[in-house]
Amino acid sequence: MRGVLTSLLVMAAALTFTAALPAQTTPRRVIEVTLSEYKYEPNQIRFHEGESVVLKLKNIGPRLAHNMSSRYWLDIPLTIRGDARQGISEDRKWVALDVGREVEVEFIAKGRGSYAVICSIFDHAVQGHTGAFFVLPPASP
Ligand SMILES: [Cu+2]
């Protein structure tokens, strides 16, 4: 009986120790952005270097397809989850969504600074469909 109790205590101590270890995971920042005629909401998108940024994009239309397009993404691999098209044109990487679609775009942030974001479809940027990424220094833990 005493042996069983001792092993239970040892197991409990081991579990506590494991739980107390600091998490070694990349900090995650989830930002929801709607796309519509002709704006991003929010249009100033802030995140920190080293974060795993998840942009949850939703095209709320009401009528048109939109995209998010930026030079910032050119040398950053994007993981896209959802029903979107992606490509590169005019030196910008873009992710496009039809009306009513939602998509997640995930990437590891690097390169602090501010970067223009535009909807590169037809005349949308001229109509005001623009925004910016602000990449801030690493967030303090
Ligand atoms: Cu647009």
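Two strands count as paired if DSSP finds at least two bridges between them, and the strands themselves are DSSP runs of E with at least two residues, numbered from the N terminus. In this sense β3 (residues 44–48) and β11 (residues 130–136) pair in the parallel sense over five bridges, and Gln44 stands opposite Ala132 in β11.

This is a predicted model, in which local features need pLDDT of at least 70, side-chain atom pairs count only at pLDDT 80 or more, and totals for chains, interfaces and linings use all residues. Residues are numbered from 1 along each chain as its sequence is written.

A residue is called buried if 20 or more other C-beta atoms, placed from the backbone, lie within 10 Å of its own, exposed if 12 or fewer do, and partly exposed in between. Along β3 the side chains alternate, with Ile45 and Phe47 buried and pointing to one face, whereas Gln44, Arg46 and His48 point to the other and are not buried.

An open sheet of five strands, with mixed pairing, follows the order β2-β1-β4-β9-β6. Its edge strands, each pairing on one side only, are β2 (39–41) and β6 (79–82). Four bridges join β6 to the antiparallel strand β9 (residues 102–108), where Val103 stands opposite Gly82.

Two residues other than glycine have a positive phi, as the table sets out.

| Residue | Phi | Loop | Other C-beta atoms within 10 Å |
|---|---|---|---|
| Glu90 | near 50° | between β7 (85–89) and β8 (92–97) | 9, exposed |
| Phe122 | near 40° | between β10 (113–118) and β11 | 11, exposed |

The peptide bond from Gly61 to Pro62 is cis, with omega near 20°, and Pro62 lies in the loop between β4 (52–61) and β5 (66–70).
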